[in-house]
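Thanks, everyone. I'll keep this short. Please have the model open as I talk.

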Amino acid sequence: IGKLPVGARAIGLSGAYAAAADDPAAVSWNPAALSRIDRLTLQAAHVEESADVRVEHLLYARPVLGGGTLGAVVSVLSLPAVVELREDVLGNYLGPGASRAAWQYRAAVGYGQSLGDVAGLGVLGPLARQGSLGGALTLLGESLAGARASAVSADLGYLYDDPALGRSVGLAVRSLGVPAGGSPLPVTGQAGVAQAAGSLLVEAD
(Lines give C-alpha, C1' and ligand atoms only; values in the text may rest on other atoms or scores of the structure.)
Protein backbone atom coordinates (compact mmCIF):
# COMPACT_ATOMS: atom_id res chain seq x y z
CA ILE A 1 0.00 0.00 0.00
CA GLY A 2 2.97 2.29 0.41
CA LYS A 3 3.29 2.49 -3.38
CA LEU A 4 -0.36 3.31 -4.09
CA PRO A 5 -0.83 6.94 -5.22
CA VAL A 6 -2.95 9.26 -3.07
CA GLY A 7 -5.09 12.16 -4.29
CA ALA A 8 -7.22 12.50 -7.41
CA ARG A 9 -5.27 15.49 -8.75
CA ALA A 10 -1.93 13.79 -8.15
CA ILE A 11 -3.13 10.70 -10.02
CA GLY A 12 -4.42 12.91 -12.85
CA LEU A 13 -0.91 14.40 -13.13
CA SER A 14 0.61 10.88 -13.25
CA GLY A 15 2.38 11.47 -9.95
CA ALA A 16 4.19 14.62 -11.11
CA TYR A 17 3.23 16.33 -7.86
CA ALA A 18 6.41 17.31 -6.02
CA ALA A 19 6.04 20.95 -7.07
CA ALA A 20 2.31 21.10 -7.91
CA ALA A 21 0.82 19.70 -4.67
CA ASP A 22 -1.72 22.05 -3.07
CA ASP A 23 -4.10 19.72 -1.22
CA PRO A 24 -3.92 17.25 1.71
CA ALA A 25 -2.33 14.61 -0.57
CA ALA A 26 0.86 16.67 -0.16
CA VAL A 27 1.45 14.64 3.01
CA SER A 28 2.36 11.69 0.76
CA TRP A 29 4.04 13.58 -2.12
CA ASN A 30 5.86 16.60 -0.65
CA PRO A 31 4.89 17.63 2.91
CA ALA A 32 6.40 21.09 2.38
CA ALA A 33 3.49 21.85 0.01
CA LEU A 34 1.07 21.65 2.95
CA SER A 35 2.10 25.26 3.60
CA ARG A 36 0.00 26.27 0.58
CA ILE A 37 -3.25 25.19 2.25
CA ASP A 38 -4.89 28.11 4.07
CA ARG A 39 -8.22 26.57 5.08
CA LEU A 40 -9.68 23.40 6.58
CA THR A 41 -9.77 20.75 3.85
CA LEU A 42 -11.29 17.28 3.91
CA GLN A 43 -11.21 14.73 1.08
CA ALA A 44 -12.31 11.11 0.75
CA ALA A 45 -11.88 8.58 -2.03
CA HIS A 46 -13.03 5.05 -2.77
CA VAL A 47 -11.17 3.01 -5.41
CA GLU A 48 -12.31 -0.34 -6.83
CA GLU A 49 -9.14 -2.03 -8.02
CA SER A 50 -11.07 -5.23 -8.77
CA ALA A 51 -14.08 -7.15 -7.47
CA ASP A 52 -12.22 -8.13 -4.28
CA VAL A 53 -9.64 -5.34 -3.94
CA ARG A 54 -10.74 -1.96 -2.60
CA VAL A 55 -8.91 1.10 -1.34
CA GLU A 56 -10.32 3.78 0.95
CA HIS A 57 -8.58 7.14 1.45
CA LEU A 58 -9.36 9.88 3.97
CA LEU A 59 -7.34 13.11 3.73
CA TYR A 60 -7.28 16.11 6.09
CA ALA A 61 -5.41 19.42 6.32
CA ARG A 62 -5.78 22.45 8.56
CA PRO A 63 -3.69 25.57 9.22
CA VAL A 64 -2.40 25.78 12.78
CA LEU A 65 -0.86 28.43 15.01
CA GLY A 66 2.57 29.53 13.85
CA GLY A 67 1.68 29.81 10.18
CA GLY A 68 2.12 26.17 9.24
CA THR A 69 -0.37 23.54 8.11
CA LEU A 70 -0.99 20.11 9.60
CA GLY A 71 -2.11 17.28 7.34
CA ALA A 72 -3.05 13.63 7.68
CA VAL A 73 -3.81 10.74 5.32
CA VAL A 74 -5.32 7.37 6.22
CA SER A 75 -5.57 4.61 3.59
CA VAL A 76 -6.92 1.07 3.93
CA LEU A 77 -6.43 -1.62 1.29
CA SER A 78 -8.88 -4.54 1.50
CA LEU A 79 -7.65 -7.76 -0.11
CA PRO A 80 -9.37 -11.07 -0.89
CA ALA A 81 -9.67 -13.35 2.12
CA VAL A 82 -7.08 -16.11 2.47
CA VAL A 83 -8.61 -19.59 2.74
CA GLU A 84 -6.65 -22.18 4.67
CA LEU A 85 -6.17 -25.64 3.16
CA ARG A 86 -6.61 -28.61 5.49
CA GLU A 87 -4.41 -31.69 5.27
CA ASP A 88 -4.07 -34.89 7.25
CA VAL A 89 -0.80 -36.12 8.76
CA LEU A 90 0.12 -37.72 5.44
CA GLY A 91 -0.38 -34.49 3.50
CA ASN A 92 -3.65 -35.53 1.86
CA TYR A 93 -5.98 -32.65 1.03
CA LEU A 94 -9.06 -32.55 3.27
CA GLY A 95 -10.78 -29.48 1.83
CA PRO A 96 -10.92 -25.76 2.64
CA GLY A 97 -10.46 -24.55 6.16
CA ALA A 98 -11.06 -21.23 7.86
CA SER A 99 -11.19 -17.99 5.89
CA ARG A 100 -8.92 -15.20 7.20
CA ALA A 101 -9.10 -11.52 6.36
CA ALA A 102 -6.23 -9.78 4.55
CA TRP A 103 -5.67 -6.02 4.58
CA GLN A 104 -3.04 -3.29 4.62
CA TYR A 105 -3.12 0.25 5.98
CA ARG A 106 -1.14 3.46 5.83
CA ALA A 107 -1.53 6.33 8.31
CA ALA A 108 0.55 9.47 7.81
CA VAL A 109 0.72 12.84 9.54
CA GLY A 110 2.69 15.77 8.15
CA TYR A 111 3.48 19.43 8.71
CA GLY A 112 4.48 22.13 6.25
CA GLN A 113 5.84 25.56 7.18
CA SER A 114 6.53 28.58 4.99
CA LEU A 115 10.03 29.75 5.90
CA GLY A 116 9.11 33.33 5.05
CA ASP A 117 6.70 33.31 8.02
CA VAL A 118 9.49 32.38 10.45
CA ALA A 119 11.07 35.47 12.00
CA GLY A 120 14.71 35.94 11.09
CA LEU A 121 14.92 33.42 8.26
CA GLY A 122 14.20 36.00 5.57
CA VAL A 123 17.79 37.26 5.79
CA LEU A 124 18.96 33.92 4.38
CA GLY A 125 17.82 34.95 0.90
CA PRO A 126 15.02 34.04 -1.51
CA LEU A 127 15.39 30.29 -0.97
CA ALA A 128 14.20 30.93 2.58
CA ARG A 129 11.84 33.87 2.00
CA GLN A 130 9.98 32.04 -0.77
CA GLY A 131 10.61 28.50 0.41
CA SER A 132 8.81 25.98 2.60
CA LEU A 133 9.96 22.95 4.55
CA GLY A 134 7.91 19.97 5.62
CA GLY A 135 8.09 16.54 7.12
CA ALA A 136 5.82 13.54 7.59
CA LEU A 137 5.74 10.33 9.60
CA THR A 138 4.04 7.26 8.16
CA LEU A 139 2.93 4.05 9.83
CA LEU A 140 2.54 1.08 7.48
CA GLY A 141 0.90 -2.18 8.51
CA GLU A 142 -0.58 -5.36 7.13
CA SER A 143 -2.42 -8.47 8.24
CA LEU A 144 -2.27 -11.59 6.09
CA ALA A 145 -3.98 -14.74 7.33
CA GLY A 146 -3.39 -13.69 10.92
CA ALA A 147 0.29 -12.76 10.43
CA ARG A 148 0.93 -9.07 11.07
CA ALA A 149 3.80 -6.68 10.33
CA SER A 150 4.37 -2.93 10.54
CA ALA A 151 6.99 -0.28 9.81
CA VAL A 152 7.53 3.43 10.38
CA SER A 153 9.00 5.79 7.80
CA ALA A 154 9.78 9.50 7.56
CA ASP A 155 9.51 11.88 4.60
CA LEU A 156 11.17 15.28 4.10
CA GLY A 157 10.32 17.95 1.56
CA TYR A 158 11.26 21.41 0.31
CA LEU A 159 9.24 23.73 -1.92
CA TYR A 160 10.28 26.95 -3.63
CA ASP A 161 7.61 29.27 -5.03
CA ASP A 162 8.32 32.22 -7.32
CA PRO A 163 4.95 33.96 -7.81
CA ALA A 164 6.46 36.56 -10.16
CA LEU A 165 7.46 33.86 -12.66
CA GLY A 166 4.62 31.47 -11.80
CA ARG A 167 7.22 28.79 -11.14
CA SER A 168 7.66 26.26 -8.36
CA VAL A 169 10.37 23.73 -7.57
CA GLY A 170 9.77 20.78 -5.25
CA LEU A 171 12.12 18.24 -3.71
CA ALA A 172 11.10 15.24 -1.59
CA VAL A 173 12.83 12.26 -0.02
CA ARG A 174 10.50 9.48 1.09
CA SER A 175 10.58 6.28 3.13
CA LEU A 176 13.49 7.09 5.42
CA GLY A 177 12.28 4.14 7.42
CA VAL A 178 12.79 1.72 10.24
CA PRO A 179 13.34 -1.81 8.85
CA ALA A 180 10.32 -4.10 8.98
CA GLY A 181 11.23 -7.70 9.70
CA GLY A 182 14.86 -6.99 8.89
CA SER A 183 14.17 -5.66 5.36
CA PRO A 184 14.83 -1.92 4.89
CA LEU A 185 12.17 0.22 3.26
CA PRO A 186 13.09 1.48 -0.24
CA VAL A 187 14.17 5.12 -0.02
CA THR A 188 12.92 7.20 -2.95
CA GLY A 189 13.52 10.76 -4.08
CA GLN A 190 11.49 13.04 -6.31
CA ALA A 191 12.20 16.45 -7.82
CA GLY A 192 9.78 18.50 -9.87
CA VAL A 193 9.24 21.83 -11.57
CA ALA A 194 5.83 23.40 -12.16
CA GLN A 195 5.28 26.36 -14.49
CA ALA A 196 1.99 28.23 -14.64
CA ALA A 197 0.98 29.96 -17.88
CA GLY A 198 -2.43 31.49 -17.40
CA SER A 199 -4.85 28.65 -16.74
CA LEU A 200 -2.32 26.07 -17.96
CA LEU A 201 0.02 24.25 -15.58
CA VAL A 202 3.05 22.40 -16.92
CA GLU A 203 4.62 19.99 -14.43
CA ALA A 204 7.65 17.75 -14.89
CA ASP A 205 9.14 15.38 -12.30
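Start at Arg54. Its relative accessibility is 33%, so Arg54 counts as partly exposed. Keep in mind that this is a predicted model. Which residue does Arg54 meet in a salt bridge? The partner is Glu48, with 3.3 Å from N to O. Glu48 is partly exposed as well, because its relative accessible area is 45%.

How many salt bridges are there in total? The count comes to four. Let me take two others.

One pairs Asp161 with Arg36. Here the closest N and O atoms are 2.6 Å apart. Now look at where these two sit. Asp161 is in strand β6, residues 147-162, while Arg36 is in the loop between α2 and β1, so the bridge ties together parts 125 residues apart in sequence. Buried or exposed? Neither, for Asp161: a relative accessible area of 22% makes it partly exposed. Arg36, at 25%, also counts as partly exposed.

The other is Asp38 with Arg39. The closest N and O atoms are 3.4 Å apart in that pair. Both Asp38 and Arg39 are exposed. As background, side chains of opposite charge can pair when their charged atoms come close.

Next, a polar contact. Gln104 lies in strand β4. At 16% relative accessibility, Gln104 falls under the 20% cut-off, so it counts as buried. What does its side chain reach? The side chain of Glu142, in a polar contact of 3.1 Å.

Now the interior. The largest nonpolar core has 19 residues. Which of them have the most contacts inside it? Those are Tyr17, Ala25, Val27 and Leu34. Both α2, residues 26-29, and β2 supply at least two residues of this core. The largest share comes from α2, with three residues. In general, nonpolar side chains in soluble globular proteins tend to be buried together.

Stay with Val27 for a moment. What does Val27 contact, leaving aside neighbours within four places in sequence? Leu34, to begin with, is one of its contacts. Gly71, Ala72 and Val73 are among them too. So are Ala108, Val109 and Gly110. Ala136 and Asp155 complete the list.

Over to the surface. There is a nonpolar patch of about 510 Å². Its residues are Val64, Leu70, Val109, Tyr111, Leu137, Leu139 and Val152. Which elements give two or more residues to it? They are β4, residues 93-114, and β5, residues 131-144. Val64 has its place in the loop between β2, residues 54-63, and β3, residues 69-87. With 34% relative accessibility, Val64 counts as partly exposed. Note that Val109 appears in the patch and also among the contacts of Val27.

Last, the whole chain. The secondary structure comes to three helices and nine strands. From the N terminus, the order is α-α-β-β-β-β-α-β-β-β-β-β. The C-alpha trace spans about 75 × 35 × 30 Å along its principal axes. Of the 205 residues, 36% are buried. The accessible surface is about 11100 Å², and 63% of that belongs to carbon and sulfur atoms. How much of the contact set is long in sequence? Among contacts with a separation of 6 or more, 50% join residues 24 or more positions apart.

That's my tour. Over to you.

Conventions: Residues are numbered from 1 along each chain as its sequence is written. This is a predicted model: local features need pLDDT of at least 70, side-chain atom pairs count only at pLDDT 80 or more; totals for chains, interfaces and linings use all residues. Side-chain values use heavy atoms; hydrogens and water are left out. Patches are made of residues with over 30% relative accessible area and no salt bridge: like charges are joined within 9 Å, nonpolar side chains (Val, Leu, Ile, Met, Phe, Trp, Tyr) within 5 Å. Accessible areas come from the Shrake-Rupley method with a 1.4 Å probe; for residues, only the protein chains shown count as cover. A salt bridge is a side-chain nitrogen of Lys or Arg within 4 Å of a carboxyl oxygen of Asp or Glu. Helices (H or I, at least four residues) and strands (E, at least two) are DSSP runs, numbered from the N terminus. Buried means under 20% relative accessible area, exposed over 50%, partly exposed in between (1.4 Å probe, protein chains only). A nonpolar core is a set of buried Ala, Val, Leu, Ile, Met, Phe, Trp, Tyr and Cys residues joined through side-chain atoms within 4.5 Å. Contact means heavy atoms within 4.5 Å. A polar contact is a pair of N or O atoms within 3.5 Å; within protein, one must be able to donate a hydrogen and the other to accept it, and residues adjacent in sequence count only if both atoms are side-chain atoms.
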